[in-house]
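Reader: I have a structure to look at and I'm new to this. Can you walk me through it?
Author: Sure, here it is.

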Amino acid sequence: MRVFAMLSDKRANYDALFSAGKLKTDRINISSFKVYADGALGSRGACLLQPYADKPGWFGFLLSNQLHYDSVAKIIYEHGWQMCTHAIGDSGNRTMLMVYGKYLKGKNDLRWRIEHAQVINENDFKLFGDYNIVPSVQPTHATSDMYWAGDRLGPVRVKGAYAYKQLLEQNGWIPLGTDFPVEDISTFKTFYAAVVRKDAKGWPADGFQMENALTREETLRGMTIWAAKANFEENEKGSLEKGKFADFVILDNDIMKEVPGKLLQVRVLKTFVGGEKVYENIIPLNL
């Protein structure tokens, strides 16, 4: 497989990589750093602007102080690398959006990313567009968290959570991932969660906050060409075009046409990487 690897926010990594330079081959790309702003919403570690609805007086927390994030952004910016930051809560996201904005200074093509961008204050969505910050999201978070997210956030604030359509509108594109191993590695579950926004049993009947569902085409692009673009790799992969790697799968049904209730039953028949078959499903099909 092809790996886009992010180096952790550690002094030793900065020293080693700035000295050695970026590493790019057909199989591995090391040109970015992964920073962590806050914890998860489920454990109430995500940093919120207002207290948790189900834990009065508790706001969650940042994992470091703002000066640390500023110093990290400064050194990454000065060396021309990509900054990618885990941010879940609306306060965690606002903190990083403001830090990013200080160095990005408006429209740019540096593609600094916010990983998860899970809970966004209504006043902060525009910052993604103002500074061309990339919201890198994982749709199954919505369908995993929907049972209790309202308890944590309350009925008003939860509307700014898992807001993939609203985030897509900021830059006109959005990369989608699985967040494996936190979530299931199945890309069919990613597709189903983004489009249908229900669990495998079809709950809730009307879908979870369907105003922020993505279309099938938006979702497919998010999992392919937009994901490649988030890595600065859109000219070599992410679509089937002359001059790009022949990385593709053959499925037993068309996910662009299959009825929602059967999307999770779609199977991969064959996988090709660089035109080479690396996987074949030998389980007989139910004809």
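Author: Start with one pair. The side chains of Arg-94 and Asp-124 meet in a salt bridge, 2.8 Å from N to O. A salt bridge here is a side-chain nitrogen of Lys or Arg within 4 Å of a carboxyl oxygen of Asp or Glu.

Reader: Where do Arg-94 and Asp-124 lie?
Author: Arg-94 lies in helix 3, and Asp-124 in the loop between strand 5 (113-116) and helix 4 (125-130), so the pair ties together parts that are 30 residues apart in sequence. Helices (H or I, at least four residues) and strands (E, at least two) are DSSP runs, numbered from the N terminus.

Reader: Is this an experimental model or what? And how are the residues numbered?
Author: This is a predicted model: local features need pLDDT of at least 70, side-chain atom pairs count only at pLDDT 80 or more, and totals for chains, interfaces and linings use all residues. Residues are numbered from 1 along each chain as its sequence is written, and side-chain values use heavy atoms, with hydrogens and water left out.

Reader: Back to that pair. Is Asp-124 buried or exposed?
Author: Asp-124 counts as buried, at 5% relative accessibility. Arg-94 is partly exposed, with a relative accessible area of 28%. Buried means under 20% relative accessible area, exposed over 50%, and partly exposed in between (1.4 Å probe, protein chains only).

Reader: Why do such side chains pair at all?
Author: Side chains of opposite charge can pair when their charged atoms come close.

Reader: How many salt bridges are there in the whole structure?
Author: A search finds 20. One of them joins Lys-102 and Asp-70, with the closest N and O atoms 2.9 Å apart. Lys-102 lies in helix 3 (residues 90-104) and Asp-70 in helix 2 (residues 66-79), so this pair ties together parts 32 residues apart in sequence.

Reader: What about the exposure of Lys-102 and Asp-70?
Author: Lys-102 is partly exposed, at 48% relative accessible area. Asp-70 is buried, at 17%.

Reader: Which residue does Glu-115 meet in a salt bridge?
Author: Arg-113, at 2.8 Å from N to O. Both Glu-115 and Arg-113 are buried. There is also a network: salt bridges that share partners join Arg-44, Asp-54 and Arg-152.

Reader: Tell me more about Arg-44. What is its phi?
Author: Arg-44 has a positive phi of about 60°, although it is not a glycine. Arg-44 sits in the loop between strand 3 and helix 2. Its relative accessible area is 25%, so Arg-44 is partly exposed.

Reader: New topic. Which residues make the nonpolar surface patch?
Author: Tyr-36, Trp-58, Phe-61 and Leu-63 make a patch of about 370 Å². Patches are made of residues with over 30% relative accessible area and no salt bridge: like charges are joined within 9 Å, nonpolar side chains (Val, Leu, Ile, Met, Phe, Trp, Tyr) within 5 Å. Accessible areas come from the Shrake-Rupley method with a 1.4 Å probe; for residues, only the protein chains shown count as cover.

Reader: Where is Phe-61?
Author: In the loop between strand 3 (28-36) and helix 2. Phe-61 is partly exposed, at 36%.

Reader: And Gln-118, is it buried or exposed?
Author: Buried, at 5% relative accessibility. Gln-118 is in the loop between strand 5 and helix 4. Its side chain has a polar contact of 3.2 Å with that of Asp-145. A polar contact is a pair of N or O atoms within 3.5 Å; within protein, one must be able to donate a hydrogen and the other to accept it, and residues adjacent in sequence count only if both atoms are side-chain atoms.

Reader: What else does Gln-118 touch?
Author: Not counting residues up to four places away in sequence, its contacts (heavy atoms within 4.5 Å) include Leu-41, Asn-93, His-141 and Tyr-162.

Reader: Any cis peptide bonds? Which residues do they join?
Author: One joins Phe-180 and Pro-181, with omega about 10°. Another joins Trp-203 and Pro-204, with omega about -5°. Pro-181 is in the loop between helix 7 (164-171) and helix 8 (187-195). Pro-204 lies in the loop between helix 8 and helix 9 (216-223).

Reader: Last one. How many helices and strands are there?
Author: The protein has 10 helices and 9 strands. Buried residues make up 50% of its 287 residues.
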